[in-house]
Amino acid sequence: MRPLFIVLITLGGLAQSSLAHIVLAEPKAPAGTYYKATLRVGHGCNGAATTGLAVTLPPGFQGAKPQPKTGWTLTTQKAKLAQPYTSHGKLITEDVVQLQWMAQNQTSALADDAFDEFAFLVRLPQEAGAVWLRVLQMCEGGQTDWSEVPATGTSTRGLKAPAALLMITPPAGHEAHASEPAKPAVPAAKAPASHPHHHTPAPSHSH
Ligand SMILES: [Cu+2]
């Protein structure tokens, strides 16, 4: 790679906000809830149009279902689970581990000067904390592997191709457990109080 090219990429990286990367439109969600993950693709690969997107689901993400897109072919990949779980009374021993959207033709490909969103529905793990979604962006004549994760914390500053960050917040109703040791990477959890949770001790409604 020529030095000038590297300088341009670096400058570009500094100038762009994280909005230009592949990010989650809704980067925060309570643990154990059904979450619509919307991956926002802000640009192609060094100017080339995006022809495909493959997202790897972190462990504990259950029953992922991609949202179909006109002009794009969907593929879901399943794998045997190290830790089977029960859903709606059934034991789940294998689950979706990767989702892929491929443009059916050049017309469907996402031009560099446009943006689009790729979504899926998934049940989030019960544990709060920072989770990174690895996204492989395939383009005409190249690709970008959005897989970089900071050594500590959750700042993606200085990373050229960071994975998409999701902050899983403690479920509402578990705030009383705040004295439990929290994972260091998690900033003060602000779970919306508007999500009633079955673990919430039922307050006595005497009125
Ligand atoms: Cu970017």
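**Exercise 1. Composition of the chain**

How many helices and how many strands does the chain have?

*Solution.* The model is a predicted one. Its chain holds 1 helix and 11 strands. Read along the sequence, the pattern is α-β-β-β-β-β-β-β-β-β-β-β, with the helix placed ahead of the strands. Of the 207 residues in the chain, 26% are buried. Among contacts between residues at least 6 apart in sequence, 69% join residues at least 24 apart.

**Exercise 2. The open sheet**

Determine the strand order of the open sheet of 4 strands, and state which strands stand at its edges.

*Solution.* Step 1: the order is β1-β3-β8-β5, and the pairing is antiparallel. Step 2: β1 (22-24) and β5 (62-66) each have a single partner strand, so they stand at the edges and one side of each is left without a neighbour in the sheet. Step 3: on average, with direction ignored, neighbouring strands of this sheet are turned by 25° against each other. Step 4: for the pair β5 and β8, 3 bridges are found, in the antiparallel sense. In this pair, P66 stands opposite F120 of β8.

**Exercise 3. The surroundings of F120**

Establish whether F120 is buried or exposed, and list its contacts beyond four places in sequence.

*Solution.* Step 1: F120 belongs to strand β8, which spans residues 116-123. Step 2: the cut-off for a buried residue is 20 or more other C-beta atoms within 10 Å. F120 has 21 C-beta neighbours inside 10 Å and therefore counts as buried. Step 3: leaving aside neighbours within four places in sequence, F120 is in contact with A37, A64, K65, P66, Q67 and L99. One of these, P66, is also the residue that stands opposite F120. Step 4: Y35 is 85 residues from F120 in sequence, while their C-alpha atoms are 8.2 Å apart in space.

**Exercise 4. Strand β11 and its partners**

Why is strand β11 described as largely enclosed by the rest of the structure, and in which sense, parallel or antiparallel, do β2 and β9 run with respect to β11?

*Solution.* Step 1: strand β11 covers residues 164-169, and 5 of its 6 residues are buried, so the strand is largely enclosed by the rest of the structure. Step 2: strand β2 (residues 28-30) runs parallel to β11 and is joined to it by 3 bridges. Here K28 stands opposite M167 of β11. Step 3: strand β9 (residues 129-139) runs antiparallel to β11, with 5 bridges joining the two. Here L133 stands opposite A164 of β11.

Note on methods: Residues numbered from 1 in each chain as written. Predicted model: local features only at pLDDT ≥ 70, side-chain atom pairs only at ≥ 80, totals over all residues. Buried ≥ 20, exposed ≤ 12 C-beta atoms within 10 Å, placed from the backbone. Contact = placed C-beta atoms within 7 Å. Pairing = 2+ DSSP bridges. Axes fitted to C-alpha atoms, helices over the stretch in contact; angles between N-to-C directions.
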